[in-house]
Amino acid sequence: MADDKIPATLIPGDGIGPEIVACVLSVLDALGAPFAWDTQLAGMTAVADRGDPLPLQTIESIRRTGLALKGPLTTPVGGGFKSINVTLRKEFELFANLRPARTLIPGGRYDHIDIVLVRENLEGFYAAMEHYMPIGHDNKAIAMSTGFNTRTECRRIIHYAFDYAVKNGRKKVTVVHKANILKALTGLFLEEGRLIAKEYEGRVEMNDRIVDACAMQLVLDPWQYDVIVTTNLFGDILSDLIAGLVGGLGMAPGANISDEAAIFEAVHGSAPDIAGKGVANPLAMLLSTGLMLQHVGRNDLATRLTTGIDRMLAAGLRTRDLGGSAGTRDVTEALVQQLN
Ligand code: NAI
Ligand code: MG
């Protein structure tokens with residue numbers, strides 16, 4: 001079975017996308033990874049070629065493979081294009097946003113960080129009905145937002161977090177909420193968290209934190225956290241905070257997951273300021289590829305990849321954004337050397 005190829009969609013993307021994706025492909029090749037790529041367009045590259053930032057052909061490819069590696073996409077300014085990420089999220093009901101953060105370069109402000117944040121991706125205030133109400137001459141006197149969380153979605157994302165913990169040998173899931181104030185919206189999330197935790201008793205520990213206290217503790221004592229599961233808005237904020245603990249967005253991988261599809265991508269954008277210069281740091285994209293390997297059950301390859309990255313960094317190789325002078329190709333060559 002291990003020799004069977006796994007069909008997957010590849011979107012090189014815009015800006016530095018093609019450069020860091022080329023690095024990923026060389027490294028996967030060296031690993032003997034089992035993907036059979038269907039390369040597709042999205043972003044500005046797709047606008048130039050097809051007049052559409054997310055062509056139907058790309059969506060159909062992902063529907064067929066259920067698996068995609070996506071380079072960063074430049075968001076077209078103006079022109080009335082719909083948001084690519086929102087479209088993908090809706091199209092494939094990508095309910096789980098997985099954002100792991102692990103210290104890769106020791107000796108920074110925070111050492112030995114290893115936290116996985118699971119963010120609910122479809123509901124909360126990001127699915128809110130927003131509007132203004134006028135008072136007198138002021139048309140925007142009152143701003144209103146009505147977010148919602150459904151019990152079904154709370155259950156699905158919390159189950160996902162616990163299952164992830166079981167599969168990846170994690171010990172604890174922390175349910176983050178604001179149930180003391182947003183009693184309905186996030187109270188439901190906590191309620192379901194407590195119920196679902198019972199199904200995992202003896203396998204995964206559960207505790208809960210109020211989001212503001214959690215933010216403070218993440219700064220004072222982040223080592224108490226293992227897996228965090230939370231609602232959309234809190235997850236957006238805390239995942240960036242956690243990325244900051246390990247050196248910023250340049251090293252942050254991500255995955256958007258549903259029952260139908262899984263799309264893996266770096267958290268950073270297309271970095272137009274350095275595109276084409278051969279200096280982009282491919283680590284976040286490589287780490288996203290590691291998540292993809294785990295997702296398809298190839299933990300062996302994911303571990304070889306992350307161990308290789310650790311060794312390469314321990315040997316002192318740094319791209320420009322990390323204070324060094326190595327280019328993207330240097331990373332590719334050094335990493336391939338470090339794989340065993
Ligand atoms: P950005 O993440 O592309 O760049 C911010 C800064 O970080 C820049 O100075 C850039 O050079 C640097 N940087 C980012 N990734 C890097 C890497 N791998 N190696 C070295 N340096 C790196 O964010 P920005 O400039 O706000 O957005 C640029 C474009 O990317 C926009 O069109 C934005 O909409 C899009 N974007 C796309 C995302 C996606 O497709 N997932 C996510 C974020 C932004
Ligand atoms: Mg965000």
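Let me start with what covers the buried residues of helix α3, and the list includes strands β1 (6-11), β2 (35-39), β3 (67-70) and β12 (262-266), together with helix α4. Please keep in mind throughout that this is a predicted model. The buried residues themselves, in a helix that runs over residues 56-65, are T58, I59, S61, I62 and T65. If you look down the axis of α3, those buried residues fall within an arc of 160°, so they line one face of the helix. The general background is that an α-helix has 3.6 residues a turn, so residues three or four places apart point the same way. On the face of α3 turned away from its buried side we find L56 and R64, and both of these are exposed. Just after the helix comes G66, which takes a positive phi of about 65°.

Now to the other helix on my list, α6, which spans residues 187-199 and contains F189. The buried residues here are G187, L188, F189, L190, E192, G193, I196 and A197, and what covers them includes helix α5 along with strands β8, β9 (205-210) and β10 (227-230). Is F189 buried or exposed? With a relative accessibility of 0%, F189 counts as buried. Once its neighbours within four places in sequence are set aside, F189 is in contact with C154, I157, I158, V175, V176, V229, T230 and T231. The C-alpha atom of F189 is separated by 9.5 Å from that of K178, a residue 11 places away along the chain.

Let me turn to two charged residues that are buried, beginning with R170, which sits in the loop between α5 (151-167) and β8 (172-177). The relative accessible area of R170 is 15%, and because the cut-off for buried is under 20%, R170 counts as buried. Which side chains does R170 join through polar contacts? One such contact, of 2.7 Å, is made with the side chain of D114, and another, of 2.9 Å, is made with the side chain of D226. Both of those aspartates also appear in the list of residues that R170 touches, which reads D114, V116, A165, V204, D226 and V227 when residues up to four places away in sequence are not counted. The C-alpha atoms of R170 and E205 are separated by 9.2 Å, although the two residues are 35 apart along the chain.

The second of these residues is E265, in strand β12, and E265 is likewise buried, with a relative accessible area of 15%. Leaving aside neighbours within four places in sequence, the contacts of E265 are K70, N85, P253, G254, N256 and S288. You will remember that β12 is among the elements covering the buried residues of α3.

Next, the ligand. Which residues come nearest to ligand 1? Of the 17 residues around it, those are T75, G269, A271, D273 and N281. By class, the shell is made up of eight nonpolar, six polar and three charged residues. Looking at individual atoms, a polar side-chain atom of T75 lies 2.6 Å from an oxygen atom of ligand 1, while G269 places a backbone N or O atom 2.7 Å from an oxygen atom of the ligand. H268, for its part, has a polar side-chain atom 3.2 Å from a nitrogen atom of ligand 1. Taken alone, ligand 1 exposes 810 Å², and the protein buries 64% of that area.

I will finish with two backbone details. As general background, most residues other than glycine have a negative phi. E93, which is not a glycine, has a positive phi of about 50°, and E93 is found in the loop between α4 (84-91) and β4 (96-102). With 37% relative accessibility, E93 counts as partly exposed. The other case is H112, again not a glycine, with a positive phi of about 55°. Where does H112 lie? Its place is in the loop between β4 and β5 (114-120), and at 66% relative accessibility H112 counts as exposed.

How values were computed: Residues are numbered from 1 along each chain as its sequence is written. Chains are lettered from A and ligands numbered from 1 in the order in which they are written. This is a predicted model: local features need pLDDT of at least 70, side-chain atom pairs count only at pLDDT 80 or more; totals for chains, interfaces and linings use all residues. Side-chain values use heavy atoms; hydrogens and water are left out. Helices (H or I, at least four residues) and strands (E, at least two) are DSSP runs, numbered from the N terminus. Buried means under 20% relative accessible area, exposed over 50%, partly exposed in between (1.4 Å probe, protein chains only). A residue is near a molecule or strand if one of its heavy atoms lies within 4 Å of it. A polar contact is a pair of N or O atoms within 3.5 Å; within protein, one must be able to donate a hydrogen and the other to accept it, and residues adjacent in sequence count only if both atoms are side-chain atoms. Accessible areas come from the Shrake-Rupley method with a 1.4 Å probe; for residues, only the protein chains shown count as cover. Ala, Val, Leu, Ile, Met, Phe, Trp, Tyr, Cys and Pro count as nonpolar, Asp, Glu, Lys and Arg as charged, and the others, Gly among them, as polar. The arc is that of the directions from the helix axis to the C-beta atoms. Contact means heavy atoms within 4.5 Å.
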